[in-house]
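Please examine the model below with attention to its burial, strand pairing and core packing.

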Amino acid sequence: MLTNREILETIRMVQEENLDIRTITMGISLRDCAHEDIKEVRRRIYDKITTRAARLVAVGEELEREYGIPIVNKRISVTPIALVGEACRADDYTELALALDEAAREVGVNFIGGFSALVHKGFTKGDINLIKSIPRALAQTELVCSSVNVGTTRAGINMDAVAWMGQIIKETAQLTADRDGLGCAKLVVFCNATEDNPFMAGAFHGIGEPETVINMGVSGPGVVRNVVSKMPDADFGTLAETIKKTAFKITRMGELIGREASRRLGVPFGIVDLSLAPTPAIGDSVADILEAMGLERTGTHGTTAALALLNDAVKKGGAMASSYVGGLSGAFIPVSEDAGMIRAAEAGTLTIDKLEAMTCVCSVGLDMIAIPGDTPAETISAIIADEAAIGMINQKTTAVRVIPVPGKQVGEVVEFGGLLGRAPIIPVHRESSAAFVARGGRIPAPINSLKN
C-alpha cells in the first residue's frame, strides 16, 4: 500500500522535478509479414501495426489522466526490417519504410523503430538491401528510426560494416541537408544492441521477443539532481545510496504503469528501462546531476568518475525495484538533448574525446553530437570503430549517433527543435583515419568472450 507521504512525494516529483514516463513502447513482430512481392509486404506491415497498436496511444492517455503521471512518448518497435524484407524480390526497402511511417501516423505514435539490420558477423542479401536504403528511407519519412548493429563481444567488429556506415551517415546528412542533416538524428550504429530497448532511435523488436510486448522507458534526471543538490557535504557512499533509493522509487512507478498498460492492451509486459534520459528543459539534465556532485562544469577532470557512480547507483536501484529491468538502464548523455551538456560543449570543456571516455561507464555512447559537415566518411567510421571497441571489450552496449551538419563548421549551432534540442558543432580530429578504415575484414572477438 502507498502511504499519503509517498503519494505526495510522487506528485511533487511530477510537478517540480520533471518526473515522467519517457516512453511506452509496443514491440510488434513482423516476421509473418514476409512475402516475395514487396507491395504485399508493405500491405501486411501496415495492417499488422495498425491492428496491434490501434489502442496504444488511447491507453497511454488514459493512464496519464488516471495516475497524473506524464507519458511523454508512445512508440512502436518492430522486427528488424532486413529480416522481414529478405524474402521479397525488391532490392530497395524504402517502400517498407514508407509503410512503417504511414502506420505510425495512423495509430498516432511519436516514432517507430526497426528499420534495422544486424550485421556484426557479416551481411545477407536483406542486410545489404536495407543498409543501401537507409538514406532514402530517412529522407522520405518523418517517424521512422533506423539502426545497424556492427559488433558484439562474442563476434567482434565487422569493419566492412563500420566503413560502410560512415558513408551511409554522410549520404543521409546530404539527403536531409535542408533540415540540417536531421535524418542522422534517426540513425544509430550499435555494438551489442539490445532486443528490448524502448528508446529511440535504436529500438527494434528482437527475434527472441514475443509476438507483441510492452516495454517502458522511465526517466528522472530532475528528481535525481534535486536529491543530490541537497547533499553538498555527503560522502560518495552516502550519495550513491541516496541515488539508488531514488531510482528504486522511479522504477516502481514505471512498473506500475507498464503492467497496467499491459493488462489493458492484452499484451505481455516486458521490461522497465530506467535510463536517465535528459531533455532540453531546464532542470532535466544529466550534466546538472554531475555538477551537483561538485564539478564546476561537466567535462572537467572527475566527470567520468561521477558518471560511473551515477550509472551504477541507478542500475542497483532499478534492480531492487523490479525483476524485469532491461533495455539499457543507466544514464544517457545525448549532447543536443541535455541543457547542461550543451553548456559544457559550448564552453569547450566537453570534447569528443571526453565524451568517448564517458561512454565507457554510461548507458550507451556518443549520442546526438553535431560535427562539421565536411567531416570525411572515414573519420565517422573511425569514431564508430572506437565506440564499438569500447562496447566489445567491456561487454556493454555502445552506440554512435553523430550528425555531420551540411555547411556548418565548429562554433556554429544547429537547432533541431523539440526533444532533439540544439547542438553546438564540436570539432573532431582532422588527422586521417582512411588507411585504417580501408583495411576491412573483422576485428576478432576479445578473449573475455570465451565464457562457455
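The questions and answers that follow address these topics in turn.

This is a predicted model, in which local features need pLDDT of at least 70, side-chain atom pairs count only at pLDDT 80 or more, and totals for chains, interfaces and linings use all residues. Residues are numbered from 1 along each chain as its sequence is written, and side-chain values use heavy atoms, with hydrogens and water left out.

Q: Which side chain of opposite charge is nearest to Lys-186?
A: Lys-186 lies in the loop between helix 7 (159–175) and strand 6 (187–191); helices (H or I, at least four residues) and strands (E, at least two) are DSSP runs, numbered from the N terminus. The residue is buried, that is, under 20% relative accessible area with a 1.4 Å probe and protein chains only. Lys-186 has no salt bridge, a term that requires a side-chain nitrogen of Lys or Arg within 4 Å of a carboxyl oxygen of Asp or Glu. With Lys and Arg counted as positive, Asp and Glu as negative, and His and the chain ends not counted, the nearest side chain of opposite charge, 6.4 Å away, is that of Asp-101.

Q: Which backbone oxygen lies 2.9 Å from a polar atom of the side chain of Lys-186?
A: The backbone oxygen of Glu-142 lies 3.5 Å from a polar atom of this side chain. At 2.9 Å from a polar atom of the Lys-186 side chain lies the backbone oxygen of Thr-141.

Q: Which residue of strand 7 is the bridge partner of Ile-21?
A: Strand 7 (residues 212–219) has 8 of its 8 residues buried. Strand 1 (residues 20–28) runs antiparallel to strand 7 and is joined to it by 8 bridges, where pairing requires at least two DSSP bridges. The partner of Ile-21 in strand 7 is Val-218.

Q: Which residue in strand 8 stands opposite Gly-217?
A: Strand 7 and strand 8 (residues 269–276) run parallel and are joined by 4 bridges. Opposite Gly-217, in strand 8, stands Asp-273.

Q: Which residue caps the N-terminal end of helix 12?
A: The buried residues of helix 12 (residues 339–347) include Met-341 and Ile-342. At the N-terminal end, a side-chain oxygen lies 2.9 Å from the backbone nitrogen of Gly-340, and the capping residue is Asp-338.

Q: How many residues does helix 9 give to the largest nonpolar core?
A: A nonpolar core is a set of buried Ala, Val, Leu, Ile, Met, Phe, Trp, Tyr and Cys residues joined through side-chain atoms within 4.5 Å. The largest has 124 residues, and those with the most contacts inside it are Ile-45, Ile-81 and Leu-310. Helix 9 (residues 236–265) gives the most to this core, and its number of residues there is 8.

Terms used
Buried < 20%, exposed > 50% of the residue type's maximum accessible area, 1.4 Å probe, protein only. Polar contact = N/O pair within 3.5 Å; in protein donor to acceptor, adjacent residues only side chain to side chain.
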